[in-house]
Amino acid sequence: MLSEEQNRALTEVGAGTPMGELLRRYWMPIAAVAELDDHPTKPVRLMGEDLVLYKDKAGNYGLVDRHCPHRRADLSYGWVESCGLRCHYHGWLWDHTGRCLQQPFEETAHPDAKFKDRVRIKAYPVEAKAGLLWAYLGPPPAPLVPTWEPFTWGNGFVQIVFSEVPCNWFQCQENSIDPVHFEWLHSNWSRALGGAEGQRSPTHLKVGFEEFEYGITYRRVLEGQSEQDELWTVGRCCLWPNCLFTGGHFEWRVPIDDGNMLSVGWFFDRVPNEMEPYKQDRIPYWVSPIKGALTDRWITSHVMNQDFVAWAGQGAVADRTQEHLGESDRGVIMMRRRILEDAERVARGEEPKGVIRDPDKNRIVRLPIIGRDFFVNGSSKVESETSRQRTPGLPLRREFPFLVGQPEEVRAAYRRAMGLPEPGVDARSPAG
Ligand code: FES
Ligand SMILES: [Fe+2]
């Protein structure tokens, strides 16, 4: 059980708070590259700061204050030019470094005053990687955006999915180190929702947690499996400070503010060998809803939607003074302790865990990956459809199991990439 003070320390994300300062040492994914190609401005709220992300006509990405420093108009309604973002109210032009390039009437009235050199807009660096746009809100020099190993894989169909969940980011990240929830929240609850609650999925016999350079791995032995299986020998991991990595996909829990979180999913599906070489011209992105349009009840049909129900169900900010932690929560306890230590480290001016600054190291950052050989080399369609994989997540999926609402064009592109001719029955095989 935590004190109220500890609970606040874990959950407040504003600038100047211990966790807010820790989070500002890492790049956060905030949009898809294709999203800004479709529309060049996007309002973004990140760690309590209201901002506008844009791509100008020269291809520069900017992330600036939502409000124009002149008289505070909402710059997400501005337009992009060959360099910078122009305010729609009086035409002041801002670049991605925060400089004011033009103030049309001021320059007419006082050509020599150089007023524009005395005003700046708050601006943060943005980088594109793996089809995502990443923002860094911390002090310079910014570290590198990690090149996680799957970002370098070829022959894969990648998609990016966003959802906004009305709760604090940290209770979502605690879920990344909670293997037992998978058995209940996903397997058994899905059975119960489907009317088959009598049949239980294999139970957890043993869980293990281990810290490594970039996070904490979690391992499990399920009924019918042994310590020789990759779920135990390799495990899955939570990446520091706000990501779950299962091997085939990443889920970032990006803090919008203390009571809201942007879920950013990056999903890789290896095409069968018969479909190689496969090259994706554009990584698609979409937004998944969290509630039913008619009922206002949470959607429970897909894996991450089930997670959202659990997380938001804990309240906008989970009250950790009221918990009763047990053996299954060893990973959660470990993560809380480590992240608070890291926040203290940042407060002392030291570097927190897993920050990458060495370009050589960042060529490929290797992670624990169950079934790496499959992701890298693939397998034939026949093999992946017929082999009885004991490791979840590897068989060729016909439907997207993680989030509800995949647009038809993404589904069709996926099926073409995989060489799946017809829409088939739901072959759900989630990984968690
Ligand atoms: S408020 Fe933006 S130019 Fe006036
Ligand atoms: Fe889950």
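1. Solvent exposure is graded by relative accessible area: buried means under 20%, exposed over 50%, and partly exposed in between (1.4 Å probe, protein chains only). By this scale Glu-227 is partly exposed, at 38% relative accessibility, and Lys-206 is likewise partly exposed, at 34%.

2. Basis of the note. This is a predicted model, in which local features need pLDDT of at least 70 and side-chain atom pairs count only at pLDDT 80 or more, while totals for chains, interfaces and linings use all residues. Residues are numbered from 1 along each chain as its sequence is written, chains are lettered from A and ligands numbered from 1 in the order in which they are written, and side-chain values use heavy atoms, with hydrogens and water left out.

3. Salt bridges. Side chains of opposite charge can pair when their charged atoms come close. With a salt bridge taken as a side-chain nitrogen of Lys or Arg within 4 Å of a carboxyl oxygen of Asp or Glu, the whole structure holds 35 of them. One joins Glu-227 to Lys-206, with the closest N and O atoms 2.4 Å apart. This pair links distant parts of the chain, 21 residues apart: Glu-227 is in the loop between β14 (215–222) and α7 (230–233), and Lys-206 is in strand β13 (residues 204–212). Helices (H or I, at least four residues) and strands (E, at least two) are DSSP runs, numbered from the N terminus.

4. Further charged pairs. Arg-25 forms a salt bridge with Glu-21, at 3.2 Å between the closest N and O atoms; Arg-25 is buried at 17% relative accessible area, whereas Glu-21 is partly exposed at 25%. Arg-45 and Asp-50 also meet in a salt bridge, at 3.1 Å from N to O. Arg-45 is partly exposed at 34%, and Asp-50 is partly exposed at 31%. In addition, a network of salt bridges links Glu-211, Arg-337, Arg-338, Glu-341, Asp-342, Arg-345 and Lys-353.

5. Iron site. Donors are N, O and S atoms within 2.8 Å of the metal (3.2 Å for Na, K and Ca); water is not among the atoms, so sites may look incomplete. The iron ion (ligand 2) has as protein donors NE2 of His-181, NE2 of His-186 and two OD atoms of Asp-307, at 2.0 to 2.6 Å. Along the chain these donors follow the spacing H-x4-H-x120-D. Both His-181 and His-186 are buried. The angles among the four donor atoms run from 54 to 151 degrees, and the site is irregular. Four donors count as tetrahedral if all angles lie between 85 and 135 degrees; four count as square planar and six as octahedral if opposite donors are over 155 degrees apart and all others between 65 and 115; anything else is irregular.

6. Aromatic pairs. Rings of Phe, Tyr and Trp (its six-membered ring) pair if their centres lie within 6.5 Å; planes under 30 degrees apart count as stacked, over 60 as edge-to-face and the rest as tilted. The whole structure contains 24 aromatic pairs. Among them, Phe-157 and Tyr-414 are edge-to-face, with centres 5.6 Å apart and planes at 80 degrees. They link distant parts of the chain, 257 residues apart, with Phe-157 in strand β12 (residues 156–165) and Tyr-414 in helix α12 (residues 408–418). Both Phe-157 and Tyr-414 are buried. Phe-267 and Phe-402 form a stacked pair, because their ring centres are 5.1 Å apart and their planes lie at 25 degrees. Phe-267 is buried at 1% relative accessibility, and Phe-402 is buried at 1% as well.

7. Helix α12. The buried residues of α12 are Val-410, Arg-411, Tyr-414, Arg-415, Ala-417 and Met-418. Viewed down the axis, the buried residues of α12 fall within an arc of 160 degrees, so they line one face of the helix; the arc is that of the directions from the helix axis to the C-beta atoms. Glu-408, Glu-409 and Arg-416 are exposed on the other side of α12. Just after α12, Gly-419 has a positive phi of about 75 degrees.

8. Backbone points to inspect. Most residues other than glycine have a negative phi, and most peptide bonds are trans. A cis peptide bond joins Trp-240 and Pro-241, with omega about -5 degrees; another cis bond runs from Glu-276 to Pro-277, with omega near -10 degrees. Ala-130, although not a glycine, has a positive phi of about 60 degrees.
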